[in-house]
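Here are some short exercises to work through with the model open beside you. Try each task before you read its solution.

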Amino acid sequence: MHDRKIPFLIGVFLCAIFLLLGTIGSVVFGPALLRWSDAATWPRVPAEILSGEIVSRNTARGGRTVRPHFTWTYEAGGTRHTGEGFGVARVSTSNRASAEALLDKYPVGSRAEAVVNPADPADSILERDPISHLIVLFVPPLFVLLGLIGSFFTLTGWLGWYGEKTRHPFGRFVRAAFGIFLRPAVLMTFVVLVFTLICGGLVWWSVASGNVIGYLLAAIIAYGLWQAARYKPSRGRRRR
């Protein structure tokens, strides 16, 4: 049991981090993600562009990120409304050319089509954001999913389902199907690769958006991975 205690604690630590960060992120970003999903079925109505500009801000690395910002007017539900922004997520990037292209696409005084929420006619956007701009919104649910999967395997590993003499049907199936994959060296390589990609993605997002949250999450994950990689299971005492 002692040989499974430290891996179990490491697994609990990593899963708790993923579940905590994923839950907090889902609460913060979940409404925007649901709004983006619902916007796929919202009707379009004629609109007029009142103003357009590029909003910029300084980043933690000393650079600047930009995003387009428009105001428009439209009629819905028998009432005249004014909308502002662009899409669901106010994503800032370092790609100024893309923001300028949108300003050219929607010049002041031009006609456009606003996407209007039928349940709230005062709620509208100009365009539904491309999925590439919403990566940050999908990260928290992914963290929750990874945390749940990790929790399952951590618990079942603690219960000994994957031991060499296990009689548990699922454990025997896993051992038979993933006999090579479950070897410590192969499994560790896979885990390191997956979490390295996750950390790299978080750092890339922070660089592109100028947000330090990605750096912090990557640092926490890297620390947990480093602690897991340092562990070497004890061989136990030899019998005399």
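**Exercise 1. Decide whether Arg172 is buried or exposed, and find where it sits.**

Step 1. Start with the cut-offs: a residue is buried under 20% relative accessible area, exposed over 50%, and partly exposed in between, using a 1.4 Å probe and protein chains only.
Step 2. Arg172 has 53% relative accessibility, so it counts as exposed.
Step 3. Next, place the residue: Arg172 belongs to helix H4, residues 169-177. Helices here are DSSP runs of H or I with at least four residues, strands are runs of E with at least two, and both are numbered from the N terminus.
Step 4. Finally, look at Trp161, which is 11 residues from Arg172 in sequence and 7.8 Å from it in space, C-alpha to C-alpha.

A word on the source: this is a predicted model, in which local features need pLDDT of at least 70 and side-chain atom pairs count only at pLDDT 80 or more, while totals for chains, interfaces and linings use all residues. Residues are numbered from 1 along each chain as its sequence is written, and side-chain values use heavy atoms, with hydrogens and water left out.

**Exercise 2. Work out how far the predicted coordinates can be read.**

Step 1. The predictor's confidence in each residue is its pLDDT, on a scale from 0 to 100.
Step 2. Over the chain, the mean pLDDT is 80, and 80% of the residues reach 70 or more.
Step 3. Now turn to residues 235-240, where pLDDT stays under 50 and the model has 0 contacts beyond four places in sequence. A contact means heavy atoms within 4.5 Å.
Step 4. Where pLDDT is low, the predicted coordinates should not be read in detail.

**Exercise 3. Describe the overall build of the chain.**

Step 1. Count the elements: the chain has 6 helices and 5 strands.
Step 2. Along the sequence they follow the pattern α-β-β-β-α-β-β-α-α-α-α.
Step 3. Of the 240 residues, 34% count as buried.
Step 4. Take the contacts between residues at least 6 apart in sequence: 63% of them join residues at least 24 apart.

**Exercise 4. Trace the two hairpins.**

Step 1. Strands pair if DSSP finds at least two bridges between them. Strand S2 (residues 64-76) runs antiparallel to strand S3 (residues 79-85), joined by 7 bridges.
Step 2. Within this pair, Thr71 stands opposite Glu84 in S3. The hairpin has 2 residues between its strands, and Gly77 takes a positive phi near 65°.
Step 3. Strand S4 (residues 111-117) and strand S5 (residues 120-125) are antiparallel too, with 3 bridges. They form a hairpin with 2 residues between them, and Val115 has Ile125 in S5 as its bridge partner.
Step 4. Why is S4 described as largely enclosed by the rest of the structure? The reason is that 5 of its 7 residues are buried.

**Exercise 5. Map the surroundings of Thr73.**

Step 1. Thr73 lies in S2 and, at 9% relative accessibility, counts as buried.
Step 2. Beyond its neighbours within four places in sequence, Thr73 contacts Pro46, Ala47, Glu48, Leu50, Arg80, His81 and Thr82.
Step 3. For His81 there is more detail: the side chain of Thr73 reaches the backbone oxygen of His81 at 3.2 Å.

**Exercise 6. Show how helix H1 meets helix H3.**

Step 1. Cys15 is in helix H1 and is buried, at 9% relative accessibility.
Step 2. Leaving aside neighbours within four places in sequence, Cys15 contacts Gly147, Gly150, Ser151 and Thr154.
Step 3. Approach from the other side: Thr154 is in helix H3 and is buried at 16% relative accessibility. Not counting residues up to four places away, Thr154 touches Phe8, Gly11, Val12 and Cys15.
Step 4. Add a C-alpha check: Cys15 and Leu146 are 131 residues apart along the chain, yet their C-alpha atoms are separated by 7.7 Å.

Terms used
Polar contact = N/O pair within 3.5 Å; in protein donor to acceptor, adjacent residues only side chain to side chain.
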